Amino acid sequence: MGKITGFLEFDRKVEEYAPVEDRIKNYKEFTIPLDSKEMKDQGARCMDCGIPFCHSGCPLGNLIPDFNDAVYRGKWEKAATILHSTNNFPEFTGRLCPAPCEEACVLGINEDPVTIENIEKNIVETAFEKGWITANPPETRTGKTVAVIGSGPSGLAAAQQLNRAGHLVTVFERDQKVGGLLRYGIPDFKMEKNVIDRRVKVLEEEGIIFKTGVHIGVDIKADALKNDFDALVLCGGATVRRNLPIEGSDLKGVVQAMDFLAQNNRRVDGITDLGEEIKATGKDVVVIGGGDTGSDCIGTSIRHGANSVSNFEIMSKGTPERPEDQPWPFWPMRLRTSSSHKEGAERFFSISTKKFVGDKDGNLKGLITSEVEWIKQPGQRPLLKEVEGTEKEWKCDLVLLALGFTGSEMTIADQLGLKADPRTNIKATAKDYMTNVPGVFVAGDQRRGQSLIVWAISEGRQAAYHIDTYLMGTTSALPLKGEGDLPRI
């Protein structure tokens, strides 16, 4: 795969970013693509490693050495076919996935790993540019109807796979546009929304029906929908936000990250009826939470023109290197610095927020923290301990809570009589993705809890396989993970 000595000849190289002073003036994507020669060299770095552990690192089971080799040889259309055989939406994962495949790359044991994610993005962008990605509706229809609830990555993947099998698929989305958190949770500077729109256009041309502005469980009762379709698949995501239950959490200025991000995405989209404005302009902002959502809040706040942006993380500061207790090829909890972090935020680790401070009118004016340490105990979870004498008061006008999600909203589950686990994930086994109610399936974060976009697509694809089997008694049209797919883009 690739060039036999490529990993010895070429260094890892990824897309550069536009200068900070330029990119923070707008919400456009700001990466600078590599040229074709540079991409060929990056594909050449893929080793003939014998056992490609990148396969196991990828929840989709992408055929990574195969498309790397095709890029190295200049066979871009072949690369696009290989990539789409296991991944419905590489334009999403190529921008947003944290690339567990790269952490599992054999070359990464002692060198910089292959730039798998960036190669993936370039393959699909080339395919769109060349017109290779076109609608490919099924030749025959089964007459079976499936309702997909939720149009995030798991819902879209399930819908496309089921449509390929010939079923009549309708996707219901409670927001006004398709995409779920891809549209309303991911800032445009990470993925412009025309990337979603062009793919949805292809899906519509393939015969998938999208009904937006329809809240299942509210506008249409879930049990009524079940009577109208032969099968349902719930792909609504884990949307219940985690709160910070401390004194002052009800002050004006303490805001959930997703409220902040979703409103800004609508603003960028030209929507003017946004309700009460949430902006960071001229404010001292504290983002609590060190993950991707926190990073997105930082980049958005800086583009608003915040006076200052601080990022609090309760976990200890990681190291750039792989920790000793997280050996290759496992995913390491190392220090990760995003493009937003580099735009002007100050990061603080091992810090816990104890109290929000307000003025007499109920407006946030500051918060109080203390430093913490994690005490490791053999065979047990680390114990969090506050460091005495480290209390500190911080001035801030806006706090953004980027603390993740605790599970699914249960309206639909309750109406259908579905069982859930203690984390409000809807129960369904990986064996067939079916809930305790026959004909009702679940996939994505709503089944497994908050996770990665690449897992969401994988879940949607796997659920579609089992739904097709349920409807038809068997399936020859759809693959299970690791079995490849129809040779289509």
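Helices H6 and H9 cross with left-handed geometry in this structure, which is a predicted model. Their axes come within 9 Å and cross at roughly 110°. Elsewhere, five parallel-paired strands form an open sheet, and UniProt places domain features at residues 23–131 and at residues 145–316 and 371–460.

**The H6–H9 helix pair**

- Helix H6 covers residues 76–84, and helix H9 covers residues 116–130.
- How are these two helices oriented to each other? Angles of 65 to 115 degrees count as roughly perpendicular, so H6 and H9 fall in that class.
- On the H6 side, the residues that meet H9 are Trp 76, Ala 79, Ala 80, Leu 83 and His 84.
- On the H9 side, the partners are Glu 120, Asn 122, Ile 123, Val 124, Thr 126 and Ala 127.
- By residue class, this contact divides into seven nonpolar, three polar and one charged.

**The five-stranded sheet**

- Reading across the open sheet, the strand order is E8-E16-E9-E10-E11, and the pairing is parallel.
- Which strands sit at the edges? They are strand E8 (254–256) and strand E11 (346–349), each of which pairs on one side only.
- On average, neighbouring strands of this sheet are turned by 20° against each other, with direction ignored.

**A closer look at E8, E16 and H14**

- Strand E16 spans residues 398–401 and pairs with E8 in the parallel sense over three bridges.
- One pair of bridge partners is Val 254 with Val 399, the latter in E16.
- Helix H14, made of residues 257–268, lies across both E8 and E16.
- The direction of H14 is at about 70° to E8.

**Domain features from the UniProt record**

- The unreviewed UniProt entry gives the feature "domain: Dihydroprymidine dehydrogenase" at residues 23–131. In the model, this span is 53% helix and 2% strand, with its end C-alpha atoms 29 Å apart.
- The feature "domain: FAD/NAD(P)-binding", also from an unreviewed entry, is placed by UniProt at residues 145–316 and 371–460.
- What is the make-up of residues 145–316? That stretch is 35% helix and 20% strand, and its end C-alpha atoms are 50 Å apart.
- For residues 371–460, the chain is 20% helix and 26% strand, and 41 Å separates the end C-alpha atoms.

Conventions:
Residues are numbered from 1 along each chain as its sequence is written. This is a predicted model: local features need pLDDT of at least 70, side-chain atom pairs count only at pLDDT 80 or more; totals for chains, interfaces and linings use all residues. Side-chain values use heavy atoms; hydrogens and water are left out. Two strands pair if DSSP finds at least two bridges between them. Helices (H or I, at least four residues) and strands (E, at least two) are DSSP runs, numbered from the N terminus. Axes are lines fitted to C-alpha atoms, for helices over the stretch in contact, and angles run from 0 to 180 degrees between N-to-C directions. Contact means heavy atoms within 4.5 Å. Angles under 35 degrees count as roughly parallel, over 145 as roughly antiparallel, 65 to 115 as roughly perpendicular and the rest as oblique. A crossing is left-handed if the near helix is turned anticlockwise from the far one by less than a right angle, and right-handed if clockwise. Ala, Val, Leu, Ile, Met, Phe, Trp, Tyr, Cys and Pro count as nonpolar, Asp, Glu, Lys and Arg as charged, and the others, Gly among them, as polar. UniProt positions are given in the numbering used here, feature names are shortened, and annotations may be inferred rather than shown by experiment.
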